[in-house]
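Work through the following exercises with the sequence and the model side by side, trying each task before reading its solution.

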Amino acid sequence: MPISLQSFLPLPHFPRFGNSSSIAKAIPSSVTPPNSPLLNSPPSSSVTVHRRSTPVTMSQSVHLLTPSDLAIPKHHSSFLSTFNRRLPVTTTTTTASPFFPKLSIRASSSDRKPSVLVTDNGTSSSGLQSSASHADHALSSSIEVDAVTEAELRENGFRSTRRTKLVCTIGPATSGFDQLESLAVGGMNVARINMCHGTREWHREVIQRVRRLNEDKGYAVAIMMDTEGSEIHMGDLGGASSAKAEDGEVWTFSVRAFGSALPEHTINVNYEGFAEDVKVGDELLVDGGMVRFEVIEKLGPDVKCKCTDPGLLLPRANLTFWRDGSLVRERNAMLPTISSKDWLDIDFGIAEGVDFIAVSFVKSAEVINHLKSYIAARSRDSDVAVIAKIESIDSLKNLEEIIQASDGAMVARGDLGAQIPLEQVPAAQQNIVQVCRQLNKPVIVASQLLESMIEYPTPTRAEVADVSEAVRQRADALMLSGESAMGQFPEKSLAVLRSVSVRIERWWREEKRHEAMELPAIGTSFSDSISEEICISAAKMANNLEVDALFVYTKTGHMASLLSRCRPDCPIFAFTNTTSVRRRLNLQWGLIPFRVSFSDDMESNLNKTFSLLKARNLIKSGDLVIAVSDVLQCIQVMNVP
Ligand SMILES: Nc1ncnc2c1ncn2[C@@H]1O[C@H](COP(=O)(O)OP(=O)(O)OP(=O)(O)O)[C@@H](O)[C@H]1O
Ligand SMILES: CC(=O)C(=O)O
Ligand SMILES: [K+]
Ligand SMILES: [Mg+2]
């Protein structure tokens, strides 16, 4: 599709930052439309740089501009193809300006390239502060951010807010309103419901409570629905919350439908082919190897197994079987990724307006594409994001295409560790995190992060090291499973994730470990590529200038995610005008999402957010901020007026 340059290089409405005279000062005549009234404005005398022979005022914002005398003609696509895809920006040293002490940008160009323009961002006399009417108007409207984020920002300042996001699985231990609120207070960004467990009615109530919490208390906790998938798993233990399997005990795994009472030492299996597929001598792993059995006898629908590694059996725990050191993938490998029950759950999730659907046991990109088109057809304006759970051998084989097709991924280490040797899980995790980052998809590291905290109030040192490693890898999010669903210390577990995240993030910054990871170009259109380059540049500038925060104004959230991908040292305030985008951004590293209505007028957007944030003591005069936006593709560096 040809790109309309006008749509992302909004020349006709160019004077959006600063007042018109400040813009006028900034536009070099060589790129100013011949009849532009701006041409008559006097150049600034403070700091100048030279663009060809024309003096240009220094400023702190970078715009992409196509002058109308270079107006993109009908054959713009070929014109575009000749573009240098990099912004032609070079920096130069200048004498210090009281207004622009740190940055100066010189535009370099050839006539046939979009130019980097510099504009006056507004100072006490000309820009933001002079827009009192904007500010007045702004104060009468509102900005939505939750009380916890607000308190955190105020107490610790921007720089030490938590960047790593936290997902909590909601189960019997945390499904009440007060318990959910405690988790929200403790930093839960996303509540996960697992359709393996509980009834739809039970899940609906949880969703409604989370929504009520958001509405009543201003949180933006997103909801992730996790599909059951066609995994083989045990039944529900006849109502018991767990059962202990001791070494040497013989248990019966059966596909028979038992009535209400389950015979002693008997486990129901949901997969009909189970008794046929297993062989005597196979090793049966419960919950990824937490408990192990050896198959000793097959009796019709019953399979007798001897416990070789004792442990706790939990309701509906998943089952895998191994033969001669490899995973057995008989007919169960042919089971659909999305079962008929899963489709009903997905309908339920769409109807309830969940934010994410996490697909268990994804094998290929096809299933993700299928689900995405199903969601699009079912709910035209729905923005349910699809998360691919990487927990099977097949998903590792097709990793890049699966992640490319998805809106995010989860390193589901529980099942993954049952499908590949445990010692390969750490390398797989690192690889998945890296691929997600490169493809700009949020990634969650899940399962057993604080497993011992299901029973104990303090984590093991090894668990803390594991959490630290995931934070050090700069995963977007960490997830609690049993710890929050059915453990005894859900809030303490969350507090451990929170404090370890903050500590490791700080350590990273103190060590000045600026990212060495190569971020490949991912834009599929020229406009996307511009956004990408803007975000990479803005993040780099933010690190080098040690700014307090990046501001991004984004309608779809895309520009915010591109900034997050760069993992800058400072937090990213993401302003969006829809509640659902705000919730979705909650999964992404370093983003502090705000909902605020904004216009196409960037100056007014900036004034409005500055006023609103200042009124709430979230920022103060003098804070150094870099702003980018997908409303107008530009980078602006400024001190909060
Ligand atoms: N809605 C629920 N109702 C009852 N128990 C639950 C619920 N959700 C989770 N649990 C309990 O918490 C444990 C851990 O939850 P988790 O979501 O990790 O499930 P899982 O069975 O390990 O499956 P998965 O591989 O999908 O993560 C479960 O084994 C179950 O005992
Ligand atoms: C989270 C999940 O599904 C797993 O770890 O297996
Ligand atoms: K699941
Ligand atoms: Mg799983």
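**Exercise 1.** Find which residue follows helix α18 and state the sign of its phi, then describe the length of α18 and list its buried residues.

*Solution.* Step one: α18 is followed by Glu546, whose phi is positive, near 50°. This is a predicted model, in which local features need pLDDT of at least 70, side-chain atom pairs count only at pLDDT 80 or more, and totals for chains, interfaces and linings use all residues. Residues are numbered from 1 along each chain as its sequence is written, while chains are lettered from A and ligands numbered from 1 in the order in which they are written.

Step two: α18 covers residues 526-545, and its 20 residues reach 28 Å from the first C-alpha to the last, close to the 28 Å expected at 1.5 Å a residue (the expected span is 1.5 Å times one less than the number of residues). Helices here are DSSP runs of H or I with at least four residues, and strands are E runs of at least two, numbered from the N terminus.

Step three: the buried residues of α18 are Ile530, Ser531, Glu532, Glu533, Ile534, Cys535, Ala538, Ala539, Met541 and Ala542, where buried requires 20 or more other C-beta atoms, placed from the backbone, within 10 Å of the residue's own.

**Exercise 2.** Which residues are closest to ligand 1, and which elements and domains supply its shell?

*Solution.* Step one: 20 residues surround ligand 1, the closest being Gly171, His197, Gly198, Ser481 and Ala485; a residue counts as near if its C-beta atom, placed from the backbone, lies within 6 Å. Step two: the elements giving two or more residues to this shell are α13 (413-419) and α16 (482-485). Step three: domain 3 (162-230 + 336-510) and domain 4 (237-333) each supply at least three shell residues, with bounds taken from an automatic or database domain assignment.

**Exercise 3.** Describe how domain 3 and domain 4 are placed and how many residues each gives to their contact.

*Solution.* Step one: the C-alpha centres of domain 3 and domain 4 lie 27 Å apart. Step two: the contact takes 8 residues from domain 3 and 8 residues from domain 4, with two residues in contact if their C-beta atoms, placed from the backbone, lie within 7 Å. Step three: α13 provides the largest share of the domain 3 side, 5 residues. The helix α13 thus appears both in this contact and in the shell around ligand 1.

Conventions
Buried ≥ 20, exposed ≤ 12 C-beta atoms within 10 Å, placed from the backbone.
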